[in-house]
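Trainee: I am new to this structure and would love a guided tour. Please take me through it one question at a time.

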Amino acid sequence: MTDKTRDVRIPLTVLGTGAMGTALVRAWLAAGHPVTVWNRTRARAEALAAQGATVAASAAEAVSASRLVIVCLLDDASVGAALDGAGLAGRDLVNLTTGTPAEGRARAAWATARGARFLDGGIMAVPPMIGDADSGGYVFYSGSPELFEEHRDTLAVPAGTRYVGEDAGFAALHDVALLSAMSGMFAGIVHAFALIGPEDIAPADFAPLLVSWLGAMTGSAHKAADQIGSGDYGKGVVSNLAMQVAGNATLLRTAEEQGVSPELLTPYTALMERWLAEGHGAEDTTGAVELLNLRRSAADRP
């Protein structure tokens, strides 16, 4: 066994063996890592013992077993409760619990005050994707760059890694931003299927059209990024805001004709109407992002 092989098979601890935590543990075990596990419901952790994991009697005992400690629990409050009383000095704490940017920053300060290095993570995968190199799953990491560089190979075992900055809140911010975009897309998909629902149109026949269309439209994110980065919402306009707002009336009338609630559309159409009322009809719809920034006063808007 080479030194490099020994390095990538370092022992680690995983707190939390729910669906995601279990998938993570199995991936590390399969790669040859010694893994100590703990879960509030002990039976869930003991199920991993047959696969080679060591089950700790308490979270504090699990933390003491390894320098690298991975936390994958229900929420930030669960993290605090599990680690209360655990000796964190000299530990490398990687928090893969879903949370907000503010929680990530606060937990980083909390860990640092207790003598630990800290990384926050945002998992862009579901459990079946973990351990599958071809799944496309990955994890955002932010916080200590030294911790990330030292453990990069180990962290990459369950899923790809993307380090997004020293600000510990950035992993959660990237995670939630992508999930928010996904939620908007899901809303559009549900609305589209609702529109065809009353008609003799098979959802299975319509789905490929929907997938193709949405796939073609996602490329517009690059243009939106260029416009937002430059502050020039008139750059590269194809269908301006005034035209889009006029077209929205057709979307809403069609929903009415089909007996479909427009509630998934109206928040966005209302936002576009507000931006149009402020005199931006010749620009792209992207400029409506200005109305969402609650930290910026109306006087600061371009």
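Mentor: Happy to! Names first: helices (H or I, at least four residues) and strands (E, at least two) are DSSP runs, numbered from the N terminus. Please keep in mind that this is a predicted model.

Trainee: Where is the place of Asp134?

Mentor: Begin with its surroundings: the relative accessible area of Asp134 is 73%, so this residue is exposed. Its C-alpha atom is separated by 10.0 Å from that of Gly160, a residue 26 places away along the chain. As for its place, Asp134 sits in the loop between E6 and E7.

Trainee: Is Ala56 buried or exposed?

Mentor: Ala56 is also found in a loop, the one between E3 and helix H4 (59-65). Leaving out residues up to four places away in sequence, Ala56 touches Thr36, Val37, Trp38, Arg42, Glu61 and Ala62. Its relative accessible area is 4%, and because the limit is 20%, Ala56 counts as buried.

Trainee: Which residues does Thr286 touch, not counting residues up to four places away in sequence?

Mentor: Thr286 lies in the loop between helix H12 (266-277) and helix H13 (289-292). With a relative accessible area of 16%, Thr286 is buried. The residues that Thr286 touches, with the same neighbours in sequence left out, are Ala224, Gln227, Ile228 and Tyr233.

Trainee: Now the sheet. What order do its eight strands have?

Mentor: Here is the general idea: strands of a sheet pair through backbone hydrogen bonds, either parallel or antiparallel. In this model the sheet is open and its pairing is mixed. Its order is E3-E2-E1-E4-E5-E6-E7-E8.

Trainee: Which strands stand at the edges?

Mentor: An edge strand here has a single partner strand, so one side of it is left without a neighbour in the sheet. The two strands in that position are E3 (54-55) and E8 (160-163).

Trainee: What angle does the direction of helix H7 make with that of E6?

Mentor: Helix H7 (residues 145-155) packs on the sheet and touches E1, E4, E5, E6, strand E7 (138-143) and E8. The angle between the directions of H7 and E6 is about 50 degrees.

Trainee: And what angle does H8 make with E6?

Mentor: H8 packs on the sheet as well, touching E6 and E7. Its direction and that of E6 make an angle of about 10 degrees.

Trainee: Which residues of strand E4 are buried, on one side and on the other?

Mentor: In a regular strand the side chains alternate between the two faces of the sheet. E4 (residues 68-71) is covered on both faces. It pairs in the parallel sense with E1 (residues 12-15) over four bridges, and with E5 over four bridges, again parallel. The buried residues are Leu68 and Ile70 on one side, and on the other Val69 and Val71.

Trainee: In E5, which residue is the bridge partner of Leu68?

Mentor: E4, H5 and E5 form a right-handed β-α-β unit. In E1, Leu12 stands opposite Leu68. In E5, the partner of Leu68 is Asp92.

Trainee: How far apart are the end C-alpha atoms of helix H6?

Mentor: H6 (residues 101-113) has 13 residues, and at 1.5 Å a residue it should span 18 Å. Its buried residues, among them Arg107 and Trp110, pack against H5 (76-83), E5 (92-95), E6 (117-124) and H8 (170-196). The end C-alpha atoms agree with the expected span, at a distance of 19 Å.

Trainee: How many aromatic pairs are there?

Mentor: The rule asks for ring centres within 6.5 Å. By that rule the count is four.

Trainee: What kind of pair do Tyr138 and Phe140 make?

Mentor: Their ring centres are 5.1 Å apart and their planes stand at 85 degrees. Planes over 60 degrees apart put a pair in this class, so Tyr138 and Phe140 are edge-to-face.

Trainee: How many residues apart in sequence are the parts that Phe193 and Phe206 tie together?

Mentor: The rings of Phe193 and Phe206 have centres 5.8 Å apart and planes at 75 degrees, so they are edge-to-face too. Phe193 lies in helix H8 and Phe206 in helix H9 (residues 203-217), so the parts tied together are separated in sequence by 13 residues.

Technical notes. Residues numbered from 1 in each chain as written. Predicted model: local features only at pLDDT ≥ 70, side-chain atom pairs only at ≥ 80, totals over all residues. Heavy atoms only, no water. Expected span 1.5 Å × (residues − 1). Buried < 20%, exposed > 50% of the residue type's maximum accessible area, 1.4 Å probe, protein only. Contact = heavy atoms within 4.5 Å. Pairing = 2+ DSSP bridges. Right-handed = clockwise from strand over helix to strand, strands pointing away. Axes fitted to C-alpha atoms, helices over the stretch in contact; angles between N-to-C directions. Phe/Tyr/Trp six-rings, centres within 6.5 Å; stacked < 30°, edge-to-face > 60°.
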